[in-house]
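Dear colleague,

Here is the structure I said I would pass on. Please have a look at the sequence and the coordinates before reading the notes underneath.

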Amino acid sequence: MAKKQFRTESKRILDLMVNSIYTNKEIFLRELISNASDAIDKLYFRSLTDQSVGMNRSDFAIDLAIDKDARTLTVSDNGIGMTAEELEKNLGTIAHSGSLDFTKNNELSEEIDIIGQFGVGFYSAFMVADRVTVVSRAYGSDEAWKWESAGADGYTLTACEKEAVGTDITLHIKDNTEDDDYDPYLETYRLDELGKKYSDYIHYP
């Protein structure tokens with residue numbers, strides 16, 4: 001399985017995320033839940049004009065699953081999903097063209113919200129995870145794809161199985177260090193707190 005390289009801008013952003021320029025690492029959950037909500041929105045709005053979707057608004061949800069033994073946190077949605085091409089486009093590149101110049105020309109600190117400015121929220125997962133696995137099946141497709149990366153060294157994209165349409169993002173949570181405690185991201189009470197703090201505006205349960 002050949003490893004693919006991120007484009008220059010993406011690699012630079014990932015370097016920043018892996019080395020954590022942010023002291024407020026918990027915002028990763030806000031970003032992933034927001035992305036899940038966007039994916040559901042796309043399929044929900046399609047369902048308004050396409051009866052074959054076969055889902056009502058009450059059928060949509062975002063799920064969080066913890067496996068303490070495996071040190072994983074999975075954020076799942078039953079939204080529109082992504083094809084292999086969309087995974088490459090959405091996770092292999094940074095959409096906003098000015099981000100590389102920005103990072104070159106500015107002294108970065110936690111005061112600069114590069115996530116908010118450049119829509120790179122997905123990459124914030126690498127602030128708390130040493131590996132991220134994304135399994136997605138697009139609406140209207142029988143194929144599913146797995147995107148996986150351990151950071152700026154690149155990513156792999158392979159065909160896989162997924163029963164339902166949507167996306168599962170699994171974060172392999174980092175081990176604790178002298179400076180950082182990552183265990184709370186594997187605790188239900190902490191995720192519940194963060195969900196209420198950052199994502200109360202989300203329309204889906």
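The notes below deal with one strand, its pairing partners and a loop residue beside it.

Please keep in mind that this is a predicted model.

Strand β2 covers residues 72-77, and 6 of its 6 residues are buried, so the strand is largely enclosed by the rest of the structure. In a regular strand, side chains alternate between the two faces of the sheet. Both faces of β2 are covered: one carries T72, T74 and S76, the other L73, V75 and D77, and all of these are buried.

On the pairing: strand β1 (residues 62-67) lies antiparallel to β2, with 6 bridges between them. One bridge pair links D67 to T72 of β2. β2 is also joined to strand β6 (residues 166-173) by 6 bridges, again in the antiparallel sense. Here L73 is placed opposite L171 of β6.

The remaining point is the turn. The hairpin of β1 and β2 has 4 residues between its strands, and R71 is in that loop. What is the phi of R71? The angle is near 55°, a positive value in a residue other than glycine. Most residues other than glycine have a negative phi. Is R71 buried or exposed? Its relative accessibility is 18%, and buried means under 20%, so R71 counts as buried.

In short, β2 pairs with β1 and with β6, and R71, with its positive phi, is in the loop between β1 and β2.

Best regards

Notes: Residues are numbered from 1 along each chain as its sequence is written. This is a predicted model: local features need pLDDT of at least 70, side-chain atom pairs count only at pLDDT 80 or more; totals for chains, interfaces and linings use all residues. Side-chain values use heavy atoms; hydrogens and water are left out. Buried means under 20% relative accessible area, exposed over 50%, partly exposed in between (1.4 Å probe, protein chains only). Helices (H or I, at least four residues) and strands (E, at least two) are DSSP runs, numbered from the N terminus. Two strands pair if DSSP finds at least two bridges between them.
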